[in-house]
Structures are given as structure tokens and as C-alpha cells.
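Biologist: I would like to go through a ligand site with you. Please give the reasoning behind each label.

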Amino acid sequence: MKGRPRDRRALYAILGDPVAHSLSPAIHNAAFHAAGRRARYVARRVSAEECGEIMRALAMDGGGGNVTVPHKERVVPFLDRHTRAVAATGACNTFWARDGEVWGDNTDVEGFMGMWRTATSSLPDRSPVLVLGAGGAARAVLHGLLRSSGISCVLLWNRTVVRAERLAAELDDDRVRPLSDWRASAPAVVVNTTSVGIRGRHAVIELEALHATPNLVIDLVYGRVPTPLCRQAEKLGVASVDGRGMLVLQAEASYARWFGQAPPRDVMGSALEAACRGRE
Ligand SMILES: NC(=O)c1ccc[n+]([C@@H]2O[C@H](COP(=O)([O-])OP(=O)(O)OC[C@H]3O[C@@H](n4cnc5c(N)ncnc54)[C@H](OP(=O)(O)O)[C@@H]3O)[C@@H](O)[C@H]2O)c1
């Protein structure tokens, strides 16, 4: 009996846990289709123990992909070569192979900074910034913020305080101040890089309990809009953006690393809108 013919398309995957909520397959498959690429993109839930080896196997087999929560830091030792963004952040979200070596980059940095520039362009004050979280995404956010103009202070809070303290020590920049209690702050901008809100249930902090109302809330979490934190912001009349803009920008940058050229214009943004509409 004949088996099913083998799917010859190159395989790309987002590796994480949880990963079922991810809209990356929708936007990358739309771009592959529009560009006529023989490739497909899937979401794979992988454990901490297996993520590095699975990443390498995908890349060496002619594909590649992305890494998401909570594995971005864990996969770095499995890379043969990495970009400056990975060296600076200690986190990798994009991988592929070239000349028999597995490469990694962190396109969250440019994804976040693209979103940051647009969202803050008309703000009177963008500092201090309160960054919530000290995981892989926080590393990209901090790296971007500390290199952008007008940032005199970044307050860093994490549920596990010692992790924020360690990250601040690693960054070795006087502008970064770890906080043990987010309530003791009056930020101009709040950036949520924690995974709280993924499942849409609750937000990581209560904006009302801050010392002063912020000018802007940026939530890296995305999905069905608005996220719990964006909902809080709306109630208080505070401007907010969720992670969809960043998702598209970091995905476009990942695509460019894999194929050496930009994806077809606007395809990913349209695919994301369609996927969000489909989930309502
Ligand atoms: N929009 C985008 O393009 C984009 C890009 C990157 C990331 N993200 C999102 O950013 C989030 C974080 O990703 P990541 O890669 O940084 O994950 P990660 O490395 O696993 O870090 C998770 C962070 O969330 C915190 N956290 C988890 N559960 C918590 C809880 N119940 N209360 C308070 N804090 C909690 C962790 O704190 P502890 O240290 O205390 O565990 C840690 O700071 C995810 O939702 C991801 O989807 C979005």
C-alpha cells in the first residue's frame, strides 16, 4: 500500500509553551503563499528539555522558525552563530541554517522599537518607563529602550525580584532601576513584557494603583483585542497598544533573515487582522 506522499515543503515552526494562541502561523503562511514559497509554518508546543535540539533539527533540515515564551534564553547555547542582538540580549527568537551552521537573531528588538517609535511619537514624556517582566521579551525591550533617545530612567519590575535584579546588573546601566513593588512608581509609559494576559483573564498590575496615571500603556501580549491591560487603560482614558504591531514587525524581520528579502508588502498585517476577526 502506498503511503501519503511526503510533504516536500520546507518546515518552519514557532517553538514555545504555551503556543496554541500564537498567530505567527497565520501571518507567515500568508506571506509564504503570497511569495509562492514551498514552505509551511506550524506551532509546536515543546518542553525546555527538547527546544534546543528541535530548533537545530528544523534549521538543518532546510527550514527555520521562531522561539517564544519561555524558551528564548534557553536556546541560545544551541546556536552555532548569532547576531549582535542575541549577544546583547541573551535571547533568540529567530533561527535558520546557513552553510551547515545554525544561526540565531533577536528580531523582537527591531519589532519593539518600530512599535515604540510609532506609539510614542506624539507623547510629551516617555520617561520613566516601567517595564514589567524580566524574561526574553524584556531583554529585547530594554536593549531597544536604552539605545533610544529621551530615556532617562527605566524602572524594572518582575514577579521574581531576583531575576529583575540580575538582569539590571547584567545591563550595567545607571538608568535601569529594579523595583520590588510596582505600586511605588509613577511611570510615563508602562510596557508589559510578562506573559500575563495571554489567556485574556487578568492583567499583571492595576494601573489605578500606580502613583500617577501613565501617558501610554504598551502590552506585548496580543490575541483577541483588547487585552486585560489595554482594557484597564481604556477605562482610565489612557492610550494603549497591544502586541499586534510588534508581532508583524518582528515577523517581517524574521522572514527577511530566512530568505534574504522582505515579505510581500502588507500581507502579514492583513493576515493578522483576518485571523483576529476569525477569533472573535
Ligand atoms: N507581540 C510580540 O511580537 C511579542 C514578542 C515577544 C514576546 N511577546 C509576549 O511577551 C510575553 C513574554 O514573553 P517572553 O518570551 O519574555 O517569556 P518568558 O521569557 O517566559 O518571560 C515571562 C515573564 O512573565 C512573567 N510572568 C509569568 N507569569 C506571571 C504571573 N502569573 N505573574 C507575574 N509575572 C508573570 C515571568 O516572571 P517570572 O520571572 O517571575 O517567572 C517573566 O518575567 C508573552 O506573552 C509573549 O507572547 C510578544
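Modeller: What follows is a short round of questions on the ligand and its surroundings in a predicted model.

Biologist: What makes a residue part of the shell around the ligand?

Modeller: A heavy atom of the residue must lie within 4 Å of the ligand. Here 26 residues surround the ligand. Ala137, Asn158, Arg159, Thr160 and Arg163 are the closest.

Biologist: Why is the pair between the ligand and asparagine 158 called a polar contact?

Modeller: The cut-off for N or O atoms is 3.5 Å. An oxygen atom of the ligand is 2.6 Å from an N or O atom in the asparagine 158 side chain. That is within 3.5 Å, so the pair counts.

Biologist: How do you know that glycine 243 and leucine 247 qualify?

Modeller: Use the 3.5 Å cut-off again. A polar backbone atom of glycine 243 is 2.9 Å from a ligand nitrogen. For leucine 247, a backbone N or O atom lies 3.3 Å from a ligand oxygen. Both values are within 3.5 Å, so both pairs count. On its own the ligand has 920 Å² of accessible area, and the protein covers 87% of it.

Biologist: Which helix gives the most to the shell?

Modeller: That is α8, with 3 residues. Both α5 (136-146) and α8 (244-259) supply at least two.

Biologist: Why do you say that the ligand lies between domain 1 and domain 2?

Modeller: Domain 1 (10-106 + 247-279) and domain 2 (109-242) both give residues to the shell, so the ligand lies between them.

Biologist: How is the shell made up by class?

Modeller: It has 12 nonpolar, 10 polar and 4 charged residues.

Methods: Residues numbered from 1 in each chain as written. Predicted model: local features only at pLDDT ≥ 70, side-chain atom pairs only at ≥ 80, totals over all residues. Heavy atoms only, no water. Polar contact = N/O pair within 3.5 Å; in protein donor to acceptor, adjacent residues only side chain to side chain. Areas by Shrake-Rupley, 256 points an atom, 1.4 Å probe, with all protein chains shown as cover. Helix = DSSP H or I, 4+ residues; strand = E, 2+ residues; numbered from the N terminus. Nonpolar A, V, L, I, M, F, W, Y, C, P; charged D, E, K, R; others polar. Domains from an automatic or database assignment.
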